[in-house]
Amino acid sequence: MGCIKILSDAISNRIAAGEVIERPASVVKELVENSIDAEAVKITVQVENAGTKLISVTDNGRGMDSDDALLCLEPHATSKISHAEDINRIYTLGFRGEALPSIASVSRLRLRTRRHDDIEGSEVLIEGGKFAETNPAGCAPGTEINVRELFFNTPARRKFLHSRSTEERHIQETLWGLALGHPAVSFELIMDGKTVFSSPCCKSLLPRIQTFFGKELQDNLIPVDASGPAYRISGFIARHGFTKNSRREQRVFVNSRPVESPSVFAGIRDGYGSLSHDGRYPPVFIFLDMDPALVDVNVHPAKREVRFRESREVTSFISSSIRDALRNSQAPTVSVSRDLPLRSILAGADISYAPKKNVQDSIGGLGKAVESDIKIPVRGSQLEVRPFKPQTGPSNTAERPVEQDFESVSELRILAFLDKTYILASSANGLVIIDQHAAHERVMFERILDSAGKSRTLSQKLLIPSAIELSRSEVMFLEKHRKHFMALGFEIESFGANTIIINSIPDGLHQDNLKGLFSDMLADLMDEGKSNGKIDEAAIARAACRNSVKANDLLSFEEARSLLHQLSRCELPFSCPHGRPAVINISFKELEKRFGRRK
Ligand SMILES: Nc1ncnc2c1ncn2[C@@H]1O[C@H](COP(=O)(O)OP(=O)(O)OP(=O)(O)O)[C@@H](O)[C@H]1O
Ligand SMILES: [Mg+2]
């Protein structure tokens, strides 16, 4: 006789429960999702002893009749799908018919439920998966489920629970996620008799964000709203430069389901043009809506992850939507006060800029002479702006002299330089501080990227080609990504097994210490490839700028001014390509506050 047996329902339910119900927060998630699916507009969650003693979820949703009250606790019992093809059009949060039997198999559960039109409701008691009692019950319309002594019959699972505060934090985080995804539902969380939060239903997401994450974060958000043929994105994203040190404030909802998705995170990272391997994450609260057939929600036991049919499309849709939202936002980067974007400061100076595509100036300032300097009409006159050139670099004799009245043309007056790092300027509204290194990196990054792939890629031919010895892995890496390097204006030849010859580099990059630049760049990129997996032109340009721009260059006023002009023409002028702020404003309002002149 063979040795294979079919497991009893009790055992298989408990095994399934192990996957679905990891900790008290999983119970909260499943019960609240059921309440949302039942179209409740008021959900109250009560927890005792971090959920190990009691988790109670009460809703005013549609309720169940007495038959369903019993049936819902059976495995694979669901009202949400009935045919195999329904799996491709799931609009509800639940669909498997697994949550309630799983919870019931590892706790003592009491269900009370009543439909709105019924005169009385039903009560079902079930302990460790075994039905104990069913009775008619006098209860309010809706459903109340009490889960007591979670994991009482699975002591190993109970032992794996973390400290009380950790489990409470998970419960709160879970509920925040669901509440953010459903602003039209009112939520209350009570822990050990104390209200932790109570969030009435709201039309907009912002009050809820403020309740959960504070006013400062809310003040630093801008809306995002875009539609493509297959997707729509809405919600709020952080202004450029406002970042946090964890992903906690990156909340993503796909068809209102809170999810974690690498494709979405990649889109966010690309959209901001910054990498998260430096440990900073811009907060985002985004809702992605799409035909349910384009997303598989059945890939994770806790329904936390989803798989997109066209994940690259999703990534690029998110990335371009975020980019557009940032570009359209008037507000500046991280700042003590956020009233004063650089663009508007400069706009206040009556300066209009030549269209971006006409810009030909040398940004690094270390390249060849400028063919056509930018003409900037200023109060009726024509002002020439020279390219930015750090004083420590080689001199550029072909530059033309600068107008005497350069300082007077703008209300943004450069006041001083601090620590060979910051440009201090005054505007009509206060003090503006520019990190010259970050600003220069941004300007150079956009310029290099702008010319990438164009037939007229701007690159500087080296008078003396530079031979560089690389390690085997560096050579292989370079080979693999050669086309991206070429697109940016690097002209590289192999010379022997481990030696390469560089004939050209993108215009604006420093030519001095090319060996150092190249090996630092490759080290950065190889690291990035490991953590992020994606090496493209943007990644290479970022690495090139990071390693080419040097801090501590002493600038002249004129060079600083030119840098600001160039920065103001950038698409995302308020941060460096790695997401750190390039400009900070301190408004007079802020100064007055600090000096106690106003409250
Ligand atoms: N709060 C509730 N109000 C009304 N009906 C409910 C409620 N909770 C559960 N139900 C009913 O019980 C059924 C079973 O719930 P259960 O959570 O086990 O499965 P599901 O939600 O269908 O799928 P999943 O396992 O993915 O959550 C639901 O399909 C629903 O019909
Ligand atoms: Mg469910």
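**A bound ligand and a hairpin**

Hi everyone, let's start right at the ligand: the side chain of Ser-79 has an N or O atom sitting 2.5 Å from an oxygen atom of ligand 1. Please keep in mind that this is a predicted model.

Next door in the sequence is Thr-78, and here too a polar side-chain atom lies 2.5 Å from an oxygen atom of ligand 1. The backbone joins in as well: a polar backbone atom of Ala-99 is 3.0 Å from an oxygen atom of the ligand.

So how much of ligand 1 does the protein bury? On its own, ligand 1 exposes 600 Å², and the protein buries 95% of that.

Who does the surrounding? Two elements give two or more residues to the shell, namely helix 2 (24-37) and helix 4 (99-105). Helix 4 gives the most, with three residues. There are 20 residues around ligand 1, and those that come nearest are Asn-34, Thr-78, Ser-79, Lys-80 and Glu-98. If you sort the shell by class, you get eight nonpolar, six polar and six charged residues.

Now let's move to another part of the chain, a hairpin. Strand 18, residues 413-418, pairs with strand 19, residues 422-427. In which sense do they pair, parallel or antiparallel? They are antiparallel, joined over five bridges. At the turn end of the story, Leu-418 stands opposite Tyr-422 in strand 19. Three residues lie between the two strands, and in this hairpin Asp-419 takes a positive phi near 60°.

A handy reminder for looking at strands: in a regular one, side chains alternate between the two faces of the sheet. Thanks for listening!

Key. Residues numbered from 1 in each chain as written. Chains lettered and ligands numbered in written order. Predicted model: local features only at pLDDT ≥ 70, side-chain atom pairs only at ≥ 80, totals over all residues. Heavy atoms only, no water. Near = heavy atom within 4 Å. Polar contact = N/O pair within 3.5 Å; in protein donor to acceptor, adjacent residues only side chain to side chain. Areas by Shrake-Rupley, 256 points an atom, 1.4 Å probe, with all protein chains shown as cover. Helix = DSSP H or I, 4+ residues; strand = E, 2+ residues; numbered from the N terminus. Nonpolar A, V, L, I, M, F, W, Y, C, P; charged D, E, K, R; others polar. Pairing = 2+ DSSP bridges.
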